[in-house]
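Colleague: I would like a close look at one part of this model. Please take me through it residue by residue, then step outward.

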Amino acid sequence: MSETREIRTDYLARVEGEGAMLVRVRGGELEEVQFKIFEPPRFFEALLRGRRFTEAPDITARICGICPIAYMASSAQAMERLCGVELTEPVRLLRRLVYCGEWIESHVLHVVMLHLPDFLGYDGAVELARDRRDLVELALRLKKTGNELMRVIGGREVHPVNFRVGGFYRAPTAAELRELVPELEWAREAARELVRIVGALEFPDYERDYVFVALRQPGEYAIERGRIASSTGLDIDVSEYERHFTETHVARSNALHSSLDGVGAYLVGPLARYALNYEELSDEAKAAAEEAGLGQVCRNPFQSIVVRAVETLYAVEEALRIIASYERPSEPAVECAPRAGTGHGCTEAPRGICWHRYALDAEGFILDAKIVPPTAQNQRSIEEDLVGVVRDRLELPDEELAHVCEQAIRNYDPCISCATHFLRFEVIRE
Amino acid sequence: MTSVGSKPKLAVWKFASCDGCQLTFLDCEDELLAMAEGMEIAYFPEATSAEVEGPYDVSLVEGSITTAHDAERIHEIREQSRLLVTIGACATSGGIQALRNVADVREWIPLVYATPGFISTLETSTPIADHVQVDLELRGCPISKSQLVETVSALLNARRPRIPTTSVCVECKARGTPCVAVAEGTPCLGPVTQSGCGAICPAYGRGCYGCFGPMESPNMAALARQWRELGVENADLVRALRTFNANAPAFRDASAELTR
């Protein structure tokens, strides 16, 4: 078999950012799979040096326009821990509330506008709207509910301005938040409907025994705080991350690959959170998940779309719960006095844990910064999924194989937008 | 370029950026489907796999130029575009990644941007206008939703969009927000920053941090004086000017002056 076939899709659509993928088949055997991310040439960790600790949330927000709160919350948490400051409970809940807004807008964007078109055979949401306008309108309104939380609390949807180390610049009044309740109540029904819709899709038959990694916080579905836990029994403070996880430079790519020591590839994001924190979901979210055919653990990455919809429902309900008991805090922030040392922060970005470490001098200037975004951690897992997906489907024509591979990548909602990357898809058959 | 009866073709391009400005397009939840009906979304990979060949009536360009390859690509895009609109601080001024432009010894050298050939694309992050003719610039980190909707609808109706070039102070007055600098003694970049955001920072009790970049003819000396009177060190003002629009000429020159 010396026949060589090559397929290229020069730019993978409907992901946040650009990267490259390569599948090489020789003599009918899968030889190599690569999901490449070209590391951002924006050098955030370098440009943070010499900035004040208070500037980190606004600067790191610019790593990602889709999940700025994740970066703001992780960096702020690192600084607060370093300063030895704990948020007051109402301020902590306000953080969780704005984070719920980000989960809603980001998840709905991915579920309906980026991922669902794969399942229904459309190029995108605008094309889908020609036939299913009701569905796209429902999604846009639901997404807007999340964005409204971001706007009312944070000041705007992308790169919110009202967020600082120690809390917020201004706490919203109870009346301002209560105005959001009717729309959130509508959103609860809409999210239930969304779970039903995506639960009824047909999923490629594929499962893998992932090692899941997520934050865990007793009594709540961890979002803005928690210890780092894994399905292999890991349970550590966020400051211990680097003792258990390593990043290695892979020669063929500019990206760093993360691995859990003694384990290798691991998975962060919706499937991991769902598996590790299922018990903490609300009864309603559990019921919706069950109705959509999910067990307490989901190992089919193509069903991540259902888990995202379940988490959207949870985030809407959680937002309603927080608003119902909200009393405006007397102070929007706790003052933080810097000191020399190292601080760590980790929160659950929509795509998985977003880990930060900063070293400060005594005046509060940043000496060193390290940021590990969720997609970097999932990179190995994405490649391993591609191997599994391709190996079972070598008989497919190139075009269909390309489609299922792209879909397998989109399962992760990869957020490689942190900078300019270039994504190409090619299958080489030799 | 548009034949009679056919819809204008829109393309959305990405260079070094966070995707937040093109996301703003998808965040126009109330207007998105109506806008999509008025035009053909011919190229917008973040939103659709569909791809229609150029030429395009309007190209929205996000991100700054940071690689030699991108410096080539922007010329190809310009050639295919009747109107080219930059969206956001990266495309319009070089973005936060342009902080590399003032790193090390370069801090002391006034950079000349008039000649694209002079620029080493590996060492600098530059706005689109340093490379090709730009027809309209939308400011902001991120851009404002209402300015985006105004721009798209103006271009669809073949009129000039109304984008004010006044300062954030004007928006604070319109909004009825008491001046944070005067009333609270909070350092604020509002007097030198272009409006468009809706003056949200002062409304939330903090000073403007200049994410829309310098207004037309800003009085940087007066601002520096005011900040000094509020007890701000020069180094702190320099950092305030060196964020998302560090490479915008007025902010770049003022911060260079202050470090001299």
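What follows is a request about one helix and a connected reply.

Colleague: Please look closely at helix 10 of chain A: which helix does it pack against, and at what angle? Which of its residues are buried? Then go on to the buried residues of helix 4 and to chain B.

Modeller: Keep in mind that this is a predicted model. Helix 10 of chain A covers residues 270–277. Its partner is helix 12 of chain A, residues 304–324. The two pack at an angle of about 65°. Their axes lie 9 Å apart. The crossing is left-handed.

Now the residues at that contact. Helix 10 of chain A brings A:Pro270, A:Leu271, A:Arg273 and A:Tyr274. Helix 12 of chain A answers with A:Ser304, A:Val307, A:Arg308 and A:Glu311. By class, the contact holds four nonpolar, one polar and three charged residues.

Helix 10 of chain A is mostly covered. Eight of its eight residues are buried. They are A:Pro270, A:Leu271, A:Ala272, A:Arg273, A:Tyr274, A:Ala275, A:Leu276 and A:Asn277.

A:Arg308 leads on to helix 4. It belongs to the helix 12 side of the contact just described, and A:His110 touches it too. A:His110 sits in helix 4 of chain A, residues 89–120. Its relative accessible area is 1%, so A:His110 is buried, the cut-off being under 20%. Leaving out residues up to four places away in sequence, A:His110 also touches A:His115, A:Leu116, A:Arg410 and A:Asp413.

Helix 4 of chain A also holds A:Arg95. With 5% relative accessibility, A:Arg95 counts as buried. Its contacts, apart from neighbours within four places in sequence, include A:Ala76, A:Glu80 and A:Leu87. A:Phe163, A:Arg164, A:Gly166, A:Gly167 and A:Phe168 are also in contact with A:Arg95. A:Ile223 is 128 residues from A:Arg95 along the chain. The C-alpha atoms of these two are separated by 9.6 Å.

Now chain B. It has 11 helices and five strands. Its radius of gyration is 19 Å, close to the 18 Å that the globule rule gives for 260 residues, so chain B is as compact as a globular protein of that length. The C-alpha trace spans about 60 × 45 × 25 Å along its principal axes. Of the 260 residues, 60% count as buried. Take the contacts in chain B between residues at least 6 apart in sequence: 72% of them join residues at least 24 apart. Chain B exposes about 10400 Å², and carbon and sulfur atoms supply 54% of that.

Some backbone details in chain B deserve a look. The peptide bond from B:Gly54 to B:Pro55 is cis, with omega near 0°. B:Pro55 is in the loop between strand 2 and strand 3 of chain B. Another cis bond joins B:Cys141 and B:Pro142, with omega about 5°. B:Pro142 lies in the loop between strand 5 and helix 5 of chain B.

Two alanines have a positive phi. B:Ala158 has phi of about 55°, although it is not a glycine. It lies in the loop between helix 5 and helix 6 of chain B. Its relative accessible area is 74%, so B:Ala158 is exposed. For B:Ala199, phi is near 55°. This residue is in the loop between helix 7 and helix 8 of chain B. B:Ala199 counts as buried, at 0% relative accessibility.

Note on methods:
Residues numbered from 1 in each chain as written. Chains lettered and ligands numbered in written order. Predicted model: local features only at pLDDT ≥ 70, side-chain atom pairs only at ≥ 80, totals over all residues. Heavy atoms only, no water. Axes fitted to C-alpha atoms, helices over the stretch in contact; angles between N-to-C directions. Helix = DSSP H or I, 4+ residues; strand = E, 2+ residues; numbered from the N terminus. Left-handed = near helix turned anticlockwise from the far one by under 90°. Contact = heavy atoms within 4.5 Å. Nonpolar A, V, L, I, M, F, W, Y, C, P; charged D, E, K, R; others polar. Rg over C-alpha atoms; globule rule 2.2 N^0.38 Å. Buried < 20%, exposed > 50% of the residue type's maximum accessible area, 1.4 Å probe, protein only. Areas by Shrake-Rupley, 256 points an atom, 1.4 Å probe, with all protein chains shown as cover.
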